[in-house]
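Got your viewer open? Load the model and keep the selection panel handy, then follow along stop by stop.

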Amino acid sequence: MASSTTTKPPVYVTMSALDAGHLTLPENLFVTDADPTKRATVPSLSFLIQHPSPPSSRPGNSTTTTTNLLFDLGIKRDLTSYAPAQAAHIAQRHPIIVDPDCAASLRNGTTENPQAADSAPLLDPSTEINLILLSHVHWDHVGTPSDFPSATFLVGSGTLSLLRHGAGPLYPADTFNSDEIPASRTVEFPPVSRPDGVYASSEPRHTPSPASARENLPPAAGGWGWQSLAGFPNALDLFGDGSVWVADAPGHLYGHVNLLCRTGPGRWVYLGGDCCHDPRILRGEKGFALYDDGKGGKRSVHVHTGVAKDTLDRIGEFVKMRGLEKGEEGDGEVQVEVVVAHDAEWREGNRHRFWPGRM
Ligand SMILES: [Zn+2]
């Protein structure tokens, strides 16, 4: 019999990876001690996270018992839709594969197990995706937002200002489409308070969201705030039940966030976005490459290399600690799997975990 001291049973989500395009990265821009001639064609992964709750307040969805959340949208299927100033950068990332994109993967499942052409879509991007969380708004993560006219977009603080006004010499405004994501359906997470420093002082300003944009958020959104979680100084409980945590992951681009998802007893998946671009960096075998910034200095692919390293260290510590659920699930093993957006090895070894398969 339930008593007042009984804690609520843990809530789990189901996750599936999605192919959302590929691009080609020259290794020497990304990892230390690289072969200067080596280039690798890698995925830009999206993920579907299904939470066992009815989507909030949208009429017509009352019979649905699952909230469908996407993490990242990958590459646009129409490469001409990027900001013209991006063309030179994107030209250096070929070969680029745009088929299937995120929407096609949702409809049809993996290319290994395609739906028959005349069968109903597995998931309809235009009506069945409730929330889209972008780890950040680099071109290879924003995908085609217009494919998702009923979704609410969630982004890190400062992202809308970054899209409209740019930020600093590395990111002039013309790098982005100012209307890349619909402001009327976009909610920025609360601003993060950081120690004073170069990073904090250069972060774009927070944009408060209109009430209309908040209509379809999970009920827990009213209480959204950052709290410390297992070594992460700033984590946010997305659904208010501990199943999905947004982790502030500064350093790569302003507004960069990661997602920590509980998929079963003692089983967590950490979606690392672009915290690094190569699994060898996660394993400590390589570091971030530094290259000439054209102004007599060095830079990396991250907007602030030191802050990005701190974020990576925190993720590494978190994986080692495996301590998130101590006391909650007895002495059972706790596993944390970290998956970054451009991990070609992970994609090859985990095809069975692509939609409609599960992670
Ligand atoms: Zn990026």
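This tour visits a metal site and then a sheet, and everything here comes from a predicted model.

**Stop one: the metal**

Select the zinc ion and show the side chains that coordinate it: His136, His138, His252 and Asp274. His136 and His252 each reach the metal through NE2, His138 uses ND1, and Asp274 offers OD. The distances run from 2.1 to 2.2 Å.

Now look at the angles. The 4 donor atoms of the zinc ion make angles of 90 to 170°. A tetrahedral label would need all angles between 85 and 135 degrees, and this site is classed as irregular. For reference, four tetrahedral donors would ideally sit at 109.5 degrees.

Next, colour the donors along the chain. Their spacing reads H-x1-H-x113-H-x21-D.

**Stop two: two histidines**

Switch on a surface and pick His136. Buried or exposed? His136 is buried, at a relative accessible area of 2%. Then click His138: it is buried too, with 12%. Both count as buried because the cut-off is under 20%.

**Stop three: the sheet**

Hide the metal site and bring up the cartoon. Look for an open sheet of 6 strands, ordered β9-β10-β11-β12-β13-β16, with mixed pairing. At the edges you'll find β9 (227-229) and β16 (335-340), each pairing on one side only. From one strand to the next, the twist averages 35°.

**Stop four: one strand pair**

Zoom in on β11 (residues 244-248) and β12 (residues 257-264), which run antiparallel and share 5 bridges. Finish by selecting Val244: across from it, in β12, stands Cys261.

Methods: Residues numbered from 1 in each chain as written. Predicted model: local features only at pLDDT ≥ 70, side-chain atom pairs only at ≥ 80, totals over all residues. Heavy atoms only, no water. Donors = N, O, S within 2.8 Å, 3.2 Å for Na, K, Ca; no water. Tetrahedral: all angles 85-135°; square planar, octahedral: opposite > 155°, others 65-115°. Buried < 20%, exposed > 50% of the residue type's maximum accessible area, 1.4 Å probe, protein only. Pairing = 2+ DSSP bridges. Helix = DSSP H or I, 4+ residues; strand = E, 2+ residues; numbered from the N terminus. Axes fitted to C-alpha atoms, helices over the stretch in contact; angles between N-to-C directions.
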